[in-house]
Amino acid sequence: MKETFRKQTLTMATNNSEEMEEVDKKELELVSMEEFPPELLIKHPLQNTWTLWYYEQDRSKSWEESQREIAKFDTAEDFWSLYNHIKSASELRNGSDYSMFKEGVRPMWEDDANKNGGRWLINLEKKQRPTELDRFWLEILLCMIGEGFNEFSEDICGAVVNVRARQDKLALWTGNANSSQSIMEIGRKLKERLRITSKVTIGYQIHSDTMVKTGSMTRNTYTV
């Protein structure tokens with residue numbers, strides 16, 4: 001008798017749970033339709049489609065082969081969905097990169113969109129990783145996808161964050177190293193958005209200089 005009663009109780013509980021779940025679903029559907037105006041159910045398109053890339057060193061593959069395309073997005077909502085479901089930059093392994101570039105642009109110097117350009121480069125000491133790296137990276141992404149560089153936003157190709165043992169790097173890539181006005185305006189806006197103090201200087205490096213560098217440092221063509 002006890003065993004039969006236990007089985008009946010479990011069956012009733014399961015049925016009740018399923019009925020409640022069905023009611024909850026219907027109530028949620030009604031809430032969604034009644035409480036949210038149509039404009040809030042529509043996604044907000046971005047000016048461009050963007051691609052997130054991830055790099056992690058694999059000695060069995062070339063550098064280019066180790067670049068993995070993670071996802072593409074073209075709305076603000078899809079950006080946040082992606083950003084909230086991946087590791088933050090500060091959580092990546094040393095030697096790993098995130099890159100976010102406009103659709104069709106690969107995160108490498110040789111790409112046609114990048115080969116005549118350069119990058120604004122920000123170096124962060126290891127102690128800054130917990131406090132600055134994620135904030136800087138997110139602010140750069142928001143500035144890019146939100147066309148925050150105004151009329152110079154078309155010159156933006158993408159951005160890269162390198163997580164390294166000694167120091168981390170953040171770079172904003174532009175497509176035309178010969179357009180000094182665009183480069184300088186982008187650099188000033190970048191520094192302003194990141195709230196970098198005037199005492200700190202950031203530099204712009206041309207990709208062709210970086211590719212043929214002979215020492216450990218590439219010279220800065222522009223600074224702000």
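In this predicted model, the side chains of K189 and E192 come together in a salt bridge (a side-chain nitrogen of Lys or Arg within 4 Å of a carboxyl oxygen of Asp or Glu), with an N to O distance of 3.8 Å. Both residues belong to helix α4 (residues 180-193), where they sit three residues apart and so are separated by about one helical turn. Helices here are DSSP runs of H or I with at least four residues, numbered from the N terminus. K189 is partly exposed at 21% relative accessibility, while E192 is exposed at 54%; buried means under 20% relative accessible area, exposed over 50%, and partly exposed in between (1.4 Å probe, protein chains only).

Helix α3 (residues 129-145) offers a pair with three-residue spacing, E132 and R135, again about one helical turn apart. Their closest N and O atoms lie 2.9 Å from each other in a salt bridge. E132 is partly exposed, at 22%, and R135 is also partly exposed, at 27%.

A further salt bridge joins D112 to K115, at 3.3 Å from N to O. Here D112 is exposed, with 59% relative accessibility, and K115 is partly exposed, with 43%. Beyond these pairs, E64, R106 and D111 are connected in a network of salt bridges. The search of the whole structure finds 15 salt bridges.

Residues are numbered from 1 along each chain as its sequence is written. As the model is predicted, local features need pLDDT of at least 70 and side-chain atom pairs count only at pLDDT 80 or more, whereas totals for chains, interfaces and linings use all residues, and side-chain values use heavy atoms, leaving out hydrogens and water.

Terms used: Helix = DSSP H or I, 4+ residues; strand = E, 2+ residues; numbered from the N terminus.
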